[in-house]
Amino acid sequence: MKLYADRPFRWGLQVAADLFAVFLTAFAIWLAMEVHEQVMRLRAPGDGLINAGNGLRGTFDSAADNADDVPLVGGALADALHTGSDASTKLSEAGQWQVEAVTDLAWWLAAVLIAMPVLFLLVTWLPLRIRFVRKATAGARLRRLGESGRDLLALRALVTQPLPRLAAAGEVTEGWRARDPEVLAELARWELQRLGLRP
């Protein structure tokens, strides 16, 4: 498998692109973790509401239990205190809702911050790398075949080279028809250069 080009300039571009892809992925993960941590700090008021609600409920329930012992008005007083206990339950539930909302937001933000760059790489960088690896591996395999591989590379060059380049090299047509080894070798060299490989 041929992962990188033989030609130095193209090799350098490929290595730089690969390093950029790794850096972008690592940066996205780091940023997502940082954002997740910062957003999770927003749950502190919700935690405070839960603690306050639970504390108030305990206080109201305890007071209601003691109020039952008061003669004449104990039942009414206990009912009023149980109403306060119900309100503290709603306070605690509101805190729980805020904590859940902040937690969900933190996870979704982290997921989006990771998914966007990775999706960008999957759409742009990865197909280019896969296409290069497939073509360069096939080109290297043909190069190893010797004369038969040279002929196929030369034929491929006739198909893929820009028409002005072929027109400028007028001897190519005659050389191709005559199966001139020098012309075939030159055409094969053009194709290997296009693939980023040495002849």
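**Group meeting: two surface patches and a helix**

Phe27 lies in helix α1. I begin with this residue, and I should say at once that the model before you is predicted.

How exposed is Phe27? Its relative accessibility is 37%. Buried means under 20% and exposed means over 50%, so Phe27 counts as partly exposed.

Phe27 also has company at the surface. Together with Phe20, Phe23, Trp30 and Phe120, Phe27 forms a nonpolar patch. The accessible area of these residues together is about 560 Å². Which element gives the largest share of this patch? That element is α1, with 4 residues. A general point about helices is useful here. An α-helix has 3.6 residues a turn, so residues three or four places apart point the same way.

Let us stay in helix α1 for one further residue, Ala26. Ala26 has a relative accessibility of 45%, and therefore it too counts as partly exposed. How far apart are Ala26 and Ile114 in sequence and in space? In sequence, 88 residues separate them. In space, the distance from C-alpha to C-alpha is 9.1 Å.

I turn now to charge. A patch of positive charge on the surface gathers Arg7, Arg10, Arg131, Arg134 and Lys135. Helix α4, which covers residues 125-144, supplies the largest share of this patch, namely 3 residues. Arg7, by contrast, is found in the segment before α1, and α1 itself covers residues 8-40. With a relative accessibility of 38%, Arg7 falls between the two cut-offs, so Arg7 is classed as partly exposed.

My next subject is helix α5, residues 147-160. Why does the length of this helix agree with expectation? At 1.5 Å a residue, its 14 residues should span 20 Å, and the C-alpha atoms at its ends are indeed 20 Å apart. Which residues of α5 are buried? They are Gly149, Arg150, Asp151, Leu153, Ala154 and Ala157. Please note that a charged residue type may appear in such a list: Arg150 and Asp151 are both in it.

Finally, the protein as a whole. It contains 8 helices and 0 strands. Read from the N terminus on, its elements run α-α-α-α-α-α-α-α. The protein has 199 residues, and buried residues make up 30% of them.

To close, I return to the two patches. The nonpolar patch draws its largest share from α1, whereas the positive patch draws its largest share from α4. I suggest that you locate Phe27 in α1 and then Arg7 in the segment before α1 as you look at the structure. Thank you.

Definitions and conventions. Residues are numbered from 1 along each chain as its sequence is written. This is a predicted model: local features need pLDDT of at least 70, side-chain atom pairs count only at pLDDT 80 or more; totals for chains, interfaces and linings use all residues. Side-chain values use heavy atoms; hydrogens and water are left out. Patches are made of residues with over 30% relative accessible area and no salt bridge: like charges are joined within 9 Å, nonpolar side chains (Val, Leu, Ile, Met, Phe, Trp, Tyr) within 5 Å. Accessible areas come from the Shrake-Rupley method with a 1.4 Å probe; for residues, only the protein chains shown count as cover. A salt bridge is a side-chain nitrogen of Lys or Arg within 4 Å of a carboxyl oxygen of Asp or Glu. The place of a charge is taken as NZ of Lys, CZ of Arg, CG of Asp or CD of Glu. Helices (H or I, at least four residues) and strands (E, at least two) are DSSP runs, numbered from the N terminus. Buried means under 20% relative accessible area, exposed over 50%, partly exposed in between (1.4 Å probe, protein chains only). The expected span of a helix is 1.5 Å times one less than its number of residues.
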